[in-house]
Amino acid sequence: MTFLRTFALFFGVSLTAALPAAASHMVTGNGFGFAVVLPETGTVSKFYAHPYCYTRHDPQNPLDEGIETANFIKELGWSGVSGQGISTDYEEDSQVIHIHSGGGDGVVYMPFGLEHAALVIDWESGSENTRGSLHVEWNKPVKSQKAVKLLGSEFLQLKFEGVPESLLLIPLDHKQAMPEQPGQDLAGARAWVLVSLEDNDELEATVGDVNRWRAELSPHDLEKREIRELEQWRVKPTVHFRDEDERHLWRQSEVLLRMAQSREPNRPGRYSNGLIVAALPDGLWFTPWVRDM
């Protein structure tokens, strides 16, 4: 287990209840992107459009690291939740992050069953009297937004200044009306899937993929299916665990390695499929480290 404990520290994420949640940011990913949750506030602080820090060489700065991967989110959370009484944990040692507070419970995850940089957010209020809504502060100013009806789905498509990718906001619980003010984009529903779209020519195919993945299931059933499919993916360990902490560490390390491996298809100018980042975000080595492959 020494290697796994070193591995956990190297990747810079909390793995079990033995490690306090406040010790590090929590990460979810599916091989197409990453999202980061701050355990002290229960808010999403990052949503990366790709599973690595830099997308390509920067011709304007040839000695620099390159052009950074788009990050859509500065802060996303529930407006009725304060910083007190917040707890966060990985559900069943998965990539599904469970957020609990006096105001209710939320889940944040990137589904392995949807082959896109897609982030699912679902919030359940603690009671009918609990007021609030999902709020978001985008990392870049919104350049344009439009309501789209396609393949039986209604959603918003946002484009941001200086960001080549656009973002699809697809409600998972009921239809969403166009927001009246910027920053209210998520206020019309409690459950969403946010999908990064690299090329507008892929819009119809992407929405079709989301509809097939969704399969008309409720947000709660989508979460349960995600965890069930993850359990089916696991390989039965051949080692004997001394205690439950070691078992949790093993299971969470499996998932971290799975999150860390790029599943993006290769295309001209991009050959990342199968590469593993040296550290999950926002670690210093949030990039494929080919020497160590």
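**Exercise 1. Is Glu-246 buried or exposed, and what does its salt-bridge partner look like?**

Step 1. Start with the relative accessible area of Glu-246, which is 2%. Buried means under 20%, exposed over 50%, and partly exposed in between, using a 1.4 Å probe and protein chains only. Glu-246 is therefore buried.

Step 2. Now look at the partner. Glu-246 forms a salt bridge with Arg-242, and their closest N and O atoms are 2.5 Å apart. (A salt bridge here is a side-chain nitrogen of Lys or Arg within 4 Å of a carboxyl oxygen of Asp or Glu.)

Step 3. Arg-242 has 66% relative accessibility, so Arg-242 counts as exposed.

A quick word on the ground rules: this is a predicted model, where local features need pLDDT of at least 70 and side-chain atom pairs count only at pLDDT 80 or more, while totals for chains, interfaces and linings use all residues. Residues are numbered from 1 along each chain as its sequence is written, and side-chain values use heavy atoms, with hydrogens and water left out.

**Exercise 2. Which parts does the salt bridge between Asp-282 and Lys-46 tie together?**

Step 1. Find the contact: the two side chains meet at 3.3 Å, N to O.

Step 2. Place both ends. Lys-46 sits in strand β3 (residues 43–48) and Asp-282 in the segment after α4 (244–260), so the bridge ties together parts that are 236 residues apart in sequence. (Helices are DSSP runs of H or I with at least four residues, strands are runs of E with at least two, and both are numbered from the N terminus.)

Step 3. Check the surroundings. Asp-282 is partly exposed at 37%, and Lys-46 is partly exposed too, at 22%.

Step 4. Zoom out: the whole structure has 14 salt bridges.

**Exercise 3. Which side chains of strand β8 are buried?**

Step 1. Recall the pattern: in a regular strand, side chains alternate between the two faces of the sheet.

Step 2. Apply that to β8 (residues 97–101). Ile-97, Ile-99 and Ser-101 point to one face and are buried, whereas His-98 and His-100 point to the other and are not.

Step 3. Look at the neighbours. Strands count as paired if DSSP finds at least two bridges between them. β8 runs antiparallel to β7 (residues 87–90), with four bridges, and antiparallel to β9 (residues 104–109), with five.

Step 4. Pick out partners: Tyr-90 bridges to Ile-97, and His-100 to Asp-105.

Step 5. Finish with the turns. Six residues lie between β7 and β8, where Glu-92 takes a positive phi near 55°, and two residues join β8 to β9 in a hairpin.
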